[in-house]
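Trainee: Please take me closely through one part of this model, the places where its pieces touch one another, and bring in the surrounding architecture where it helps.

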Amino acid sequence: MEQAQNLSPLHFDHKLGLFGDHENKENLLKISEIKDLSIIQIAKFKKSSIEIEKVTINQLNLPTESLKVSHNQETRVLWTGPDTWLIISKKIDLKDEIYKSIRDEDFAITDISQSRAVLQISGVNAKNVLKKGSPINFNENMFKPNNCANTTYNGINILIDYLDDQPFCFNLYALRSFGGSFYHSITDSSLEYGYEGI
Amino acid sequence: MLEIKCPYCGKRSQNEFSYGGDATIKRPQLGEEISTEDWDNFVYYRDNPRGKHSELWHHVSGCRQWFKVSRDTATHEIFDTCKMNEDFNV
């Protein structure tokens, strides 16, 4: 009997290669699926009296303002709502580290690693692709590198993590079950610029 | 398209929000004797004012918080928004 495999959320959707209007163009958009991330949601209980400013996870503070992300080479801590954060890392033992840093009497700690489809889009036109479907204001320098925002893309709830602007690079998180639909929404929007699936 | 200022996230497009009804409706106290008419009024009957109106909105695609909005139902002008435990300034 064939052994069961762990399939990534975009296993049947993400295609490698060149697509759209890519001929004779340099600096094409690059779209990839980010796999094997540990994604842990923590939410402070209302009854908890812990001071957020004193909490550190993997030497990172929990941001207390909207859009803010605290980060180091391995881990990113994203503000997703009042007293709610997403901690995202390539580290497999992230959950253990979190349990060492905070108590489950103070925070609801939920592993949602398997419930998100994660896309990375990078290139000079990455922001233009996002502007096509998301109502976030990408102008006026309000949404900057190392910011994040929960928003929508063509009606699909997503989380945008703005990684870099040299060139533009974003990680996009959608619910796993919306992953395929979201992937095709992003790739359709990318066709006019041409993109490379990597 | 409205631009609504979430008290937690700042100004965002109406696409990210969901309307939640009249913010002035109070649920009858638990354990009190309530007449059928009062329950009817609480559950079903709403005013439909033209002009300034206090509303509940949910930032459903953002921080997922409920908050209050003071809005003109005729012009859609938004006068103020505030957290559930706060009062409007305007």
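Mentor: What follows goes from the domains of one chain to the contact between chains, and then to the cores and a sheet.

This is a predicted model, in which local features need pLDDT of at least 70 and side-chain atom pairs count only at pLDDT 80 or more, while totals for chains, interfaces and linings use all residues. Residues are numbered from 1 along each chain as its sequence is written, with chains lettered from A and ligands numbered from 1 in the order in which they are written.

Chain A is divided into domain 1 (17–35 + 115–197) and domain 2 (38–113), with bounds that come from an automatic or database domain assignment. Taken over C-alpha atoms, the centres of the two domains of chain A are 25 Å apart. Their contact takes 10 residues from domain 1 of chain A and nine residues from domain 2 of chain A, two residues being in contact if their C-beta atoms, placed from the backbone, lie within 7 Å. On the domain 1 side, β11 and β12 (156–165) of chain A are the elements that give two or more residues, and β11(A) provides the largest share, four residues; strands here are DSSP runs (E, at least two residues), numbered from the N terminus. That side has four nonpolar, four polar and two charged residues, where Ala, Val, Leu, Ile, Met, Phe, Trp, Tyr, Cys and Pro count as nonpolar, Asp, Glu, Lys and Arg as charged, and the others, Gly among them, as polar.

The strand β11(A) returns at the contact between the chains, which takes nine residues from chain A and 12 residues from chain B. On the chain A side, two or more residues come from each of β7 (75–81) and β11 (147–153) of chain A, and β11(A) again gives the largest share, three residues. By class, this side has two nonpolar, seven polar and no charged residues.

The largest nonpolar core has 45 residues, of which A:Ile87, A:Ile121 and A:Ile160 touch the most other members. Such a core is a set of buried Ala, Val, Leu, Ile, Met, Phe, Trp, Tyr and Cys residues joined through C-beta atoms within 7 Å, buried meaning that 20 or more other C-beta atoms lie within 10 Å of the residue's own, placed from the backbone. Strand β13 (residues 168–175) of chain A gives the most to this core, five residues, and at least three residues come from each of the two domains of chain A.

In chain B, an open sheet of four strands runs in the order β3-β4-β5-β6 with antiparallel pairing, strands being paired if DSSP finds at least two bridges between them. Because β3 (18–22) and β6 (78–83) of chain B stand at the edges with a single partner strand each, one side of each is left without a neighbour in the sheet.

Key. Buried ≥ 20, exposed ≤ 12 C-beta atoms within 10 Å, placed from the backbone.
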